Amino acid sequence: MMPLYAVICKDKPGALPIRQENRPAHLDYINETGIVFMAGPLLEDGEMAGSLVILDAPDLEAANAWAAGDPYGKAGLFGSVQISEWKKVIG
């Protein structure tokens, strides 16, 4: 197994319409790229407000490239993106 990387993205305030409009393309991108180990939205008050994506990528450069190609990011959804190497311990 390659290293894992956590991509933690927080949506810009009021950006839920951008998220909803680009969700199908984002999900297609996840399926097409084939390196997403697990993923799901971050929630605030029950509404989607960000993303947590765990990538099974060869290196940080590849994880950064994946994040740069994500339709959510290209649409300007995120106020912040953090990418860190992540170690699965439980689950």
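**Notebook: sheet, helices and one buried arginine**

I began with the pairing of E2 and E3, and I noted that eight bridges join these two strands, which run antiparallel. The model I am reading is a predicted one, and I keep that in mind for every entry below.

I then followed the E2–E3 connection and found a hairpin with two residues between the strands, where Asp-45 in the turn has a positive phi of about 55 degrees. For the register I looked up Glu-44, whose bridge partner in E3 is Glu-47.

Next I traced the whole sheet, which is open and made of four strands in the order E2-E3-E1-E4, with antiparallel pairing. Strand E2 (36-44) and strand E4 (78-86) stand at the edges with a single partner strand each, so one side of each is left without a neighbour in the sheet. On average, and with direction ignored, neighbouring strands of this sheet are turned by 15 degrees against each other.

On the E4 side I checked strand E1 (residues 4-11), which is joined to E4 by eight bridges, the two running antiparallel. Here I wrote down Val-81 in E4 as the bridge partner of Cys-9.

Turning to the helices, I found helix H1 (residues 16-33) lying across E1, E2, strand E3 (47-56) and E4, at about 20 degrees to E3. Helix H2 (residues 60-69) likewise lies across E1, E2, E3 and E4, and I noted that H2 runs at about 155 degrees to E4.

I looked next for the largest nonpolar core, which holds 17 residues, and those that touch the most other members are Tyr-5, Val-7, Leu-55, Ala-57, Ala-63, Trp-66 and Ile-83. At least two residues of this core come from each of E1, H1, E3, H2 and E4. In soluble globular proteins, nonpolar side chains tend to be buried together. For Trp-66 I listed the contacts beyond four places in sequence, and they are His-26, Tyr-29, Ile-30, Thr-33, Ile-35, Val-36, Val-53 and Leu-55.

My last entry concerns a charged residue: is Arg-19 buried or exposed? Arg-19 is found in helix H1, and its relative accessibility is 2%, against a limit of under 20% for buried, so I count Arg-19 as buried. I then asked which backbone oxygen the side chain of Arg-19 reaches, and I found that of Gly-50, at 2.9 Å. Leaving aside neighbours within four places in sequence, Arg-19 is in contact with Asp-11, Pro-41, Met-48, Ala-49, Gly-50, Ser-51, Tyr-72, Leu-77 and Phe-78.

How values were computed
Residues numbered from 1 in each chain as written. Predicted model: local features only at pLDDT ≥ 70, side-chain atom pairs only at ≥ 80, totals over all residues. Heavy atoms only, no water. Pairing = 2+ DSSP bridges. Axes fitted to C-alpha atoms, helices over the stretch in contact; angles between N-to-C directions. Contact = heavy atoms within 4.5 Å. Core = buried A, V, L, I, M, F, W, Y, C linked by side-chain atoms within 4.5 Å. Buried < 20%, exposed > 50% of the residue type's maximum accessible area, 1.4 Å probe, protein only. Polar contact = N/O pair within 3.5 Å; in protein donor to acceptor, adjacent residues only side chain to side chain.
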